Amino acid sequence: MLAHIKGKLIGLLFGSLLGGIVGALIGLWLGHLLDKKLASAWLFNKDAQAEFLYATFATMGHLAKSNGQVSSEEIRLAEQLMTQMRLQGELRSRAQEAFRAGKSADFPLKETLRRFRARVKDSRNLLRFFMEVQLQVAFADGELQPSERILLLTIANELGFSETELEQLLTFAEAQLHNFRQGGSGHSRSGYQAPPPADRLRNAYRILEVAETADDTEVKRAYRRQMSKHHPDKLMSQGLPKEMMELAKQKAQDIQSAWETIKSVRNIK
């Protein structure tokens with residue numbers, strides 16, 4: 001409640017100090033205008049975050065249904081994401097309703113994506129994050145179905161990504177999935193770092209989106225570039241809902257782990 005009248009209180013105080021009763025009235029009026037502006041910004045932000053969550057889970061449901069039937073793995077992944085995001089009560093119910101809405105044959109996918117893209121003001125980092133979440137669903141059952149690839153291209157195009165960029169995102173997502181299945185990062189509790197398996201090292205390069213033949217300088221730049229795209233604080237400042245922070249942190253940790261793997265093999269200081 002206090003937040004909604006903060007501007008009035010500040011205006012009243014400073015107005016009184018500067019101009020007595022008249023100053024107080026002017027300050028109160030200016031504070032009222034400030035409160036209205038803040039309230040409008042807060043409501044817009046709240047609406048934008050609600051749009052983000054709806055678009056995420058509705059598109060997820062549509063993608064899961066694209067090959068004819070939603071698998072138990074896809075349902076389980078959607079529920080896991082809701083749990084990871086700590087969605088409870090009404091928020092979880094809304095996410096579940098959005099997922100069900102997306103499964104409908106007449107779900108307005110393109111309209112939903114265009115509205116979402118406008119809400120996030122065409123932020124490439126947020127749009128990429130959105131795509132990466134969708135790719136988790138596409139790989140939920142371990143492989144990408146032809147119908148899913150076709151739909152992913154439609155989603156990518158609506159969000160402003162080319163087919164080439166989609167392939168890069170698919171490579172990134174697949175590498176993350178392989179590392180997750182392998183488990184661990186090569187570090188033991190004693191501090192010993194075992195040499196990484198060849199496929200883990202290969203996935204590390206794919207996560208950083210850099211060639212294995214790149215020199216150390218290029219690899220460092222790739223790591224910094226990926227961290228810049230996925231840094232949780234940066235995504236939050238651009239409008240990522242706070243509920244998605246855990247997802248963003250996990251992606252940043254995967255990038256950090258990939259960098260540590262490559263750095264240890266190359267002995268980069």
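Buried means under 20% relative accessible area, exposed means over 50%, and partly exposed lies in between. The legends below describe close-up views of a predicted model.

**View 1. Glu51 and Arg115 form a salt bridge between helices α1 and α4.** The N to O distance between the two side chains is 2.9 Å. Glu51 belongs to helix α1 (residues 6-65) and Arg115 to helix α4 (residues 109-119), so the bridge links distant parts of the chain, 64 residues apart. The partners differ in how far they are covered: Glu51 has 12% relative accessibility and therefore counts as buried, whereas Arg115, with a relative accessible area of 33%, is partly exposed because this value falls between the two cut-offs of 20% and 50%.

**View 2. Arg115 also meets Glu111 in a salt bridge.** Here the N to O distance is 3.5 Å. Both residues sit in helix α4, four residues apart, which means that about one helical turn separates Glu111 from Arg115. Arg115 thus appears in two views, paired with Glu51 in one and with Glu111 in the other. Side chains of opposite charge can pair when their charged atoms come close.

**View 3. Arg149 and Glu167 are joined by a salt bridge.** Their closest N and O atoms are 2.8 Å apart. Arg149 lies in helix α6 (residues 146-158) and Glu167 in helix α7 (residues 163-182), so the pair ties together parts that are 18 residues apart in sequence. Are these two side chains buried or partly exposed? Glu167 is partly exposed, at 34% relative accessibility, and Arg149 is partly exposed too, at 38%.

**View 4. Five residues are linked in a network of salt bridges.** The members of the network are Arg128, Glu132, Glu209, Lys229 and Lys251. In the whole model, the count of salt bridges comes to 18.

**View 5. Helix α8 packs against helix α9.** Helix α8 covers residues 198-208, and helix α9 covers residues 216-230. Their axes are 9 Å apart and meet at an angle of about 60 degrees, which makes α8 oblique to α9. On the α8 side, the contact is made by Tyr205, Ile207 and Leu208. On the α9 side, Val219, Ala222, Tyr223 and Gln226 take part. What kinds of residue make up the contact of α8 with α9? Six are nonpolar, one is polar and none is charged.

Terms used. Residues numbered from 1 in each chain as written. Predicted model: local features only at pLDDT ≥ 70, side-chain atom pairs only at ≥ 80, totals over all residues. Heavy atoms only, no water. Salt bridge = Lys/Arg side-chain N within 4 Å of Asp/Glu carboxyl O. Helix = DSSP H or I, 4+ residues; strand = E, 2+ residues; numbered from the N terminus. Buried < 20%, exposed > 50% of the residue type's maximum accessible area, 1.4 Å probe, protein only. Axes fitted to C-alpha atoms, helices over the stretch in contact; angles between N-to-C directions. Parallel < 35°, antiparallel > 145°, perpendicular 65-115°, else oblique. Contact = heavy atoms within 4.5 Å. Nonpolar A, V, L, I, M, F, W, Y, C, P; charged D, E, K, R; others polar.
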